[in-house]
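Trainee: Could you take me through one part of this model up close? I'd like to hear about the pockets, and then whatever else is worth a look.

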Amino acid sequence: MTPPRWRCSQTPLHSQARGNRSHTPATRTIGDTVNDIGIEAGQPGFRPDQLDGFRIGVTSDRRSEDLIAAFERRGADVLHAPAIRIAAAADDAQITADTAAIIAARPDVLLATTSYGIRRWFEAADAAGLGHDLTETLEHSRILVRGPKARGAIRAANLDDSGMSDEETTRSLVDKVLQDDATGLTVAVQLHGFTDESQIDRLREAGATVLTVAPYRWLLPEDSSRVLKLIDAACTGSLDAVTFTSAPAVEALFGAADGVGRLEALQEALRGPVVAAAVGHVTAAPLVAAGITPIVPERFRMGALIKLVCDYLADERVLRLDSRHGQVELRGRKVSVAGASALLPPTSLTLLRALLAARGSVLSRADLTRALPEIQDDHAVDVAISRLRQALPAPALVATVIKRGYRIDV
């Protein structure tokens, strides 16, 4: 397998990603060539055991089936916990009123931000008897789209766009309008669930009249139990990665963790043993603001995110060490010794990771206590090591060094 290409930047990120992609936040951006559905079974490069032993948290609502199925086909265990969900606007009467206002204004420019939002808008307009008038009005507007999916929705509505934003962000979409004099322009904006009001303000400050329509909204999940389960799994080391496909999902997960007093623990986990994976730099922004360095694909697509997570875990998060009992391989929660394997509980997993990282050097009981803050004394360390040995395919793999501590028997 060709190793991933890394590009890292430490440029600060504000509330939205900047227009020039070379000025990215502190994220690890990895090149890819995958299409939007990823590499599937039967195609070159597909490995059904690529994620064997790994456990991945998925926080998205829409299109979560794509992520879950792709990871599971590669052998991963997936914990699905939608942190936020998309819902139709609470009142179609408001959409109808906003649509009528846009038709009456005959806007010079339409900013189309999301595929779902455009589809939902035209469905609501049709239901209100305004579909034909809306299409006819927008035929005379300059339509700018945020990304390829929004372009597809515009074309499905029998309309043509005049261009796409450079960075697939609302900010860069507004930049495109402001390249020319916006004074006196009427700009219609299809809002998505997470509205960046500062971009609307930029248009108004430039002298444009702005009309908006919000076909859908973000809501917290009705049942928070799965979100709390994901937070617990991340904090206890039972997850290897968490995927994010929207900035509101990150904020909602942090809010839920804060509500149960585990925000600091969750963020610390995402800075260390748990990989945070974001579909793009806008999604990554609240992670970066919390001091977390997520991995981000170069192409902001679901398929690219899938490939990135698969390759990163398989290439960067598999620990191997030769020992007197055969080769040891740790893949997520699965440890193999000379071909025999077992799944480890969280405490045993944390201890084994620390011992393997030491590569045969002795770790004192104090060292192991630091790795597991919930362990308070030497006796508790000894008990935890005993349980680790019982869980291992080869119990003698962990050797005792009298009066010093423990090590891997290399």
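Mentor: Sure, and let's settle a term before we start: a pocket here is an open set of points on a 1 Å grid over the protein atoms alone, with protein on both sides within 12 Å along at least five of seven lines. Its volume is the space filled by probe spheres set on those points. Keep in mind that this is a predicted model.

With that in hand, take the second largest pocket, which comes out at about 630 Å³. It has 25 lining residues, and those nearest its centre are Thr236, Gly237, Pro273, Thr350 and Arg353. Four helices each give two or more residues to that lining: H8 (225-235), H10 (263-271), H13 (346-358) and H14 (365-371). H13 gives the most, with five residues. Sorted by class, the lining of this pocket holds 13 nonpolar, five polar and seven charged residues.

Now set that beside the largest pocket, at about 980 Å³. Here 40 residues do the lining, and Thr114, Arg146, Lys149, Thr245 and Val279 are the closest to the centre. The elements giving two or more residues are helices H3 (115-127), H5 (148-156), H9 (247-259) and H11 (281-289), along with strand S11 (216-219). By class, the lining of the largest pocket has 15 nonpolar, 15 polar and ten charged residues.

Next, a pair of strands. S12 (residues 241-244) and S13 run parallel, paired over four bridges, and Val242 sits opposite Ala276 in S13. Side chains in a regular strand alternate between the two faces of the sheet. In S13 (residues 275-278), Val275 and Ala277 are on one side, Ala276 and Ala278 are on the other, and all four are buried, so both faces of the strand are covered.

Last stop, helix H7 (residues 197-205), where the buried residues are Gln199, Ile200 and Leu203. Looking down the axis of H7, you'd see these buried residues fall within an arc of 105°, so they line one face of the helix. The general rule is that an α-helix has 3.6 residues a turn, so residues three or four places apart point the same way. The cover over the buried residues of H7 includes strands S6 (109-112), S9 (186-190) and S10 (209-213), as well as helix H6 (170-178). After H7 comes Gly207, with a positive phi near 100°.

Terms used. Residues numbered from 1 in each chain as written. Predicted model: local features only at pLDDT ≥ 70, side-chain atom pairs only at ≥ 80, totals over all residues. Heavy atoms only, no water. Buried < 20%, exposed > 50% of the residue type's maximum accessible area, 1.4 Å probe, protein only. Arc of directions from axis to C-beta. Contact = heavy atoms within 4.5 Å. 1 Å grid on protein atoms, 1.4 Å probe; cavity = no way out; pocket = protein on both sides within 12 Å on 5 of 7 lines; lining within 4 Å. Nonpolar A, V, L, I, M, F, W, Y, C, P; charged D, E, K, R; others polar. Pairing = 2+ DSSP bridges.
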